[in-house]
Amino acid sequence: MDTNKTYDIVIVGAGPAGLSAGIYAGRGNLDTLILEKEGIGSMIMTHQVDNYPGFPSGTSGKEIYDSMKKQAIEFGCEIKAATVLGFDPYDEIKIVKTDAGNFKTRYIIIATGLGKIGAKKVKGENKFLGAGVSYCATCDGAFTKGRVVSLVGKGDEIIEEALFLTRYAKEVNIFLTSENLDCNDELKEAILSKENVKITKNIKLLEISGEEFVTELHLEVSGNKEVFPTDFVFLYLGTKNNLELYGEFVNLSPSGYILTDESMKTRTDKMYAIGDIREKEVRQIATATNDGVIATTIILKEILKSKKENSTK
């Protein structure tokens with residue numbers, strides 16, 4: 001997986017909406033990456049599906065998922081296991097930040113289903129949000145001057161954010177949820193050269209504690225429970241809810257679903273939302289696939305129109 005490559009489309013989510021979008025994108029010869037969060041989606045969990053067209057005797061959600069995924073791969077889609085942590089969607093080349101690296105793309109399609117509405121939080125995360133808990137070092141780094149800070153997660157972004165914090169913090173502790181320092185060689189060399197950085201691998205964050213502000217992290221390190229003092233903790237675990245993850249880029253309904261027009265477009269240019277995460281009346285496998293088809297067809301038309309306009313200049 002080449003994080004220096006620029007994709008035509010990055011699709012966040014590999015349910016029926018995301019896979020349908022991928023099938024149409026791949027068949028349209030678009031360079032397409034589908035990001036699939038580890039775990040079980042709602043379609044895979046559905047034991048019996050009796051109303052999906054083309055299966056008169058019924059089938060399982062997993063069978064539909066397996067068939068769609070195989071078809072997307074056969075049409076050239078890349079599928080990568082990753083948890084999305086954030087976006088930089090305003091430039092022509094957009095960035096999708098994940099725990100498996102940052103990916104460049106011209107279009108983003110959000111197809112994460114219902115799971116992100118109430119993303120599971122670490123104990124203490126909600127309590128100390130804005131009182132020592134943050135998801136963005138570049139946003140809040142100036143407040144950490146002369147303090148002890150911690151970052152929890154994995155991937156390129158956590159190392160990039162840690163490097164930024166070394167400008168301000170007295171001590172930077174990186175707690176990796178992986179067994180290795182999984183980042184590109186340039187970042188690895190840069191972070192290992194910093195004297196005020198300490199890296200601890202193979203951890204699980206159990207709790208964030210304190211009184212008015214964060215004072216401690218409770219971790220499991222290689223199977224052993226330990227407590228670490230800290231003034232700030234920056235989380236890269238995929239625990240943001242929809243408002244925290246998407247609120248800067250899209251409009252949300254009161255229930256936390258993403259608002260789009262009939263073309264599946266959000267208020268940010270070239271950023272689309274499809275499937276169960278979108279505000280709509282009916283949520284079925286068939287309506288999810290419908291959204292995916294519409295979004296990618298609109299994108300294909302936009303790309304074709306752009307190519308025609310450029311050829312006549």
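How much accessible surface does the protein chain have, and what share of it belongs to carbon and sulfur atoms? The accessible surface comes to about 15,600 Å², and 47% of that belongs to carbon and sulfur atoms; areas of this kind come from the Shrake-Rupley method with a 1.4 Å probe, and for residues only the protein chains shown count as cover.

Before going further, a word on the ground rules. This is a predicted model, in which local features need pLDDT of at least 70 and side-chain atom pairs count only at pLDDT 80 or more, while totals for chains, interfaces and linings use all residues. Residues are numbered from 1 along each chain as its sequence is written, and side-chain values use heavy atoms, with hydrogens and water left out.

**Confidence and overall build**

The mean pLDDT (the predictor's confidence in each residue, from 0 to 100) of the protein chain is 90, and 94% of the residues score at least 70. Helix H2 (residues 42-45) has the lowest confidence, with a mean of 66, whereas strand E15 (residues 271-273) has the highest, at 98. Where pLDDT is low, the predicted coordinates should not be read in detail.

The protein chain holds eight helices and 15 strands; these are DSSP runs numbered from the N terminus, with at least four residues for helices (H or I) and at least two for strands (E). Its radius of gyration is 21 Å, close to the 20 Å that the globule rule gives for 313 residues, so the protein chain is as compact as a globular protein of that length. That radius is taken over C-alpha atoms, and the globule rule is 2.2 Å times the number of residues to the power 0.38. The C-alpha trace spans about 60 × 55 × 35 Å along its principal axes. Of the 313 residues, 48% are buried, where buried means under 20% relative accessible area, exposed over 50%, and partly exposed in between (1.4 Å probe, protein chains only).

**Strands and their partners**

Five strands form an open sheet in the order E7-E14-E8-E9-E10, with parallel pairing. Strand E7 (133-134) and strand E10 (197-200) stand at the edges with a single partner strand each, so one side of each is left without a neighbour in the sheet. Two strands pair if DSSP finds at least two bridges between them. E7 runs parallel to strand E14 (residues 232-236), joined by two bridges, and serine 134 stands opposite phenylalanine 234 in E14.

Elsewhere, strand E4 (residues 84-88) has four of its five residues buried. Four bridges join E4 to strand E5 (residues 94-98), and the two run antiparallel. A hairpin of five residues leads from E4 to E5, and phenylalanine 87 faces valine 96 in E5.

**Loop residues with positive phi**

Here are two residues that have a positive phi although neither is a glycine.

| Residue | Phi | Loop | Relative accessibility |
|---|---|---|---|
| Asparagine 29 | about 60° | between helix H1 (16-27) and strand E2 (32-36) | 70%, exposed |
| Lysine 270 | about 65° | between helix H7 (242-246) and E15 | 17%, buried |

**Aromatic rings**

Rings of Phe, Tyr and Trp (its six-membered ring) pair if their centres lie within 6.5 Å; planes under 30 degrees apart count as stacked, over 60 as edge-to-face and the rest as tilted. The count by this rule is eight aromatic pairs. In one of them, tyrosine 52 and phenylalanine 55 are tilted, at 6.1 Å centre to centre and 35° between the planes. Tyrosine 52 is buried at 17% relative accessibility, while phenylalanine 55 is partly exposed at 25%. Phe87 also belongs to a cluster that ring pairs build with Tyr90, Tyr246 and Phe249.
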